Amino acid sequence: MQASAEFRQEKHELDAVLASGIFNRAPNLALLLRYICARYFEGAADQIKEYNIAVEALGRPADFDQKRDSIVRVEAHRLRKRLREYYEAEGADHAIRIEIPSGQYAPRFQAAQPPSPSLIDVTLVTQDEVAANGTGELQPGGMSLAPSPAQIIAPEPAPRAPGHGARNALIALALLLAGAGSWALWLRPKETAGKLSGIAPVAASPANPRDVRILVGHLGPDYTDRQGRVWQSDRYFQGGSVFESHDHPIYGTREPRIYQSRREGAFSYDIPLPPGDYELRLHFAETLYGEDNVAGGGESSRVFNVWINDREALHEFDVIAEAGASTADVRAFKDITPAADGKL
């Protein structure tokens, strides 16, 4: 067993990560990292278990049931992601890196590896060299581009939480079927669908009679936005509760109105559609949790899944982690077709 006093470099790296600010909006991740590293320094890495983390680090009660509550798995997955992002940017030059292997909770302190060569290196070959060795394809200007073989690395799969339903699902969601606010939904037929530009609403385009726009959580009259597009009141839903606040500020959009009503809880939609290919856009905004919002909290306050026709489209999605509190966030899904019953 290594004495605690000998972990000088490791403790210095932990302090550097915690002081970097990457956990400013994610206090649970800081608590988790502090706990597992403290147990590691004490020589008790074999005691870093899901139950211990939940009760001793995250404040869950003694009757915590890991089969019903996936908080530790969710937070560990987010911590791995945050550490990877840190070492790809601010911490890229650190001599030691903190890693948490997939499927485990005990940390590892790894010496940084030398930078790997580019996945695709391009060699410039002069015209004379091409003539001499007969390789490459001559390009305009007397140069040949000879790319080296590309290495493809598969990403680490994210852990699945048990069950197919949403957990604490938000929706300030606008539903836009383009052929989909705060949940809004917009569906548009594929042949007319445009490309998203950041998180702002899509530029004005001619209305299509097959477009479906649903202002989720809004039970009043239909809403016409600044570009003359009509958003229908909420419909085709089952389950969940609705809330609406027209004065809640929404950042990152010129159409805050479509993010100021929401449906939350466990719910589903069955939207009838004519046959065809559609693009689905889900507009999210977290208007309850997060800094300056009534419930406070931060990242991981609300984590949920989205399923489209029995296929998971978003896994353990966290709007605050992706965009921030009270900020518009859009997710687009192409090649969407109605199910056998003619519904999405």
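Two residues are in contact when their heavy atoms lie within 4.5 Å. Every view below comes from a predicted model, so treat the close-ups as computed pictures.

**View A. Helix 2 meets helix 4 roughly at a right angle.** Start with the two axes: those of helix 2 and helix 4 come within 10 Å of each other and cross at roughly 90°. Angles of 65 to 115 degrees count as roughly perpendicular, which means that helix 2 is roughly perpendicular to helix 4. On the helix 2 side, look for N28, L29, L32, L33 and I36; they meet E75, A76, R78, L79 and R82 of helix 4. What sort of residues make up the contact of helix 2 with helix 4? By class there are six nonpolar, one polar and three charged.

**View B. Helix 1 also packs against helix 4, again roughly perpendicular.** Here the axes of helix 1 and helix 4 come within 12 Å and cross at roughly 95°, and that angle makes helix 1 roughly perpendicular to helix 4. Pick out E13, A16 and V17 on helix 1, and L83, Y86 and Y87 on helix 4: these residues make the contact. Sorted by class, the contact of helix 1 with helix 4 has five nonpolar residues, no polar ones and one charged.

**View C. The largest nonpolar core holds 34 residues.** Which members touch the most others in this core? They are V17, F23, L33, I36, I53 and L79. Helix 1 (8-19), helix 2 (27-41), helix 3, helix 4 (71-88) and strand 1 (96-99) are the elements that give two or more residues to this core. Helix 2 gives the most, with eight residues. Zoom in on V17 and, once you set aside neighbours within four places in sequence, you'll find it in contact with I22, F23, L33, L83, Y86, Y87 and I98. Apart from this core lies another one, of 22 residues, including L187, I214, I271 and L314. As background, nonpolar side chains tend to be buried together in soluble globular proteins.

**View D. E50 is a buried residue in helix 3.** Helix 3 covers residues 50-57, with E50 among them. Is E50 buried or exposed? E50 counts as buried because its relative accessibility is 10%, and the cut-off for buried is under 20%. Leaving out residues up to four places away in sequence, E50 touches F64, Q66, D69, V72, R73 and Y105.

**View E. Strand 1 has one covered face and one uncovered face.** I96 and I98 sit on the covered face of strand 1, while R97 and E99 are on the uncovered one. Strand 1 pairs with strand 2 (residues 108-111) in the antiparallel sense, over four bridges. Look for E99 opposite R108 of strand 2.

**View F. Strand 14 and strand 15 form a hairpin.** Strand 14 (residues 304-308) and strand 15 (residues 311-317) run antiparallel and are joined by four bridges. V306 has L314 of strand 15 as its bridge partner, and L314 also turns up among the 22 residues of the core that lies apart from the largest one. The hairpin has two residues between its strands, and N309 takes a positive phi near 50°.

**View G. D292 and D335 have positive phi values without being glycines.** D292 has a phi of about 70° and is found in the loop between strand 13 (278-284) and strand 14. With 76% relative accessibility, D292 counts as exposed because the cut-off is over 50%. D335, with phi near 55°, is found in strand 16. Its relative accessible area of 47% makes D335 partly exposed.

**View H. T287 and A339 each have a partner that is distant along the chain.** T287 is in the loop between strand 13 and strand 14, and is buried, with a relative accessible area of 10%. Between the C-alpha atoms of T287 and S245 there are 9.2 Å, although the two are 42 residues apart along the chain. A339 lies in the segment after strand 16 (329-336) and, at 33% relative accessibility, counts as partly exposed. From A339 to P275 the C-alpha to C-alpha distance is 9.3 Å, with 64 residues of separation in sequence.

Methods:
Residues numbered from 1 in each chain as written. Predicted model: local features only at pLDDT ≥ 70, side-chain atom pairs only at ≥ 80, totals over all residues. Heavy atoms only, no water. Buried < 20%, exposed > 50% of the residue type's maximum accessible area, 1.4 Å probe, protein only. Core = buried A, V, L, I, M, F, W, Y, C linked by side-chain atoms within 4.5 Å. Pairing = 2+ DSSP bridges. Axes fitted to C-alpha atoms, helices over the stretch in contact; angles between N-to-C directions. Parallel < 35°, antiparallel > 145°, perpendicular 65-115°, else oblique. Nonpolar A, V, L, I, M, F, W, Y, C, P; charged D, E, K, R; others polar.
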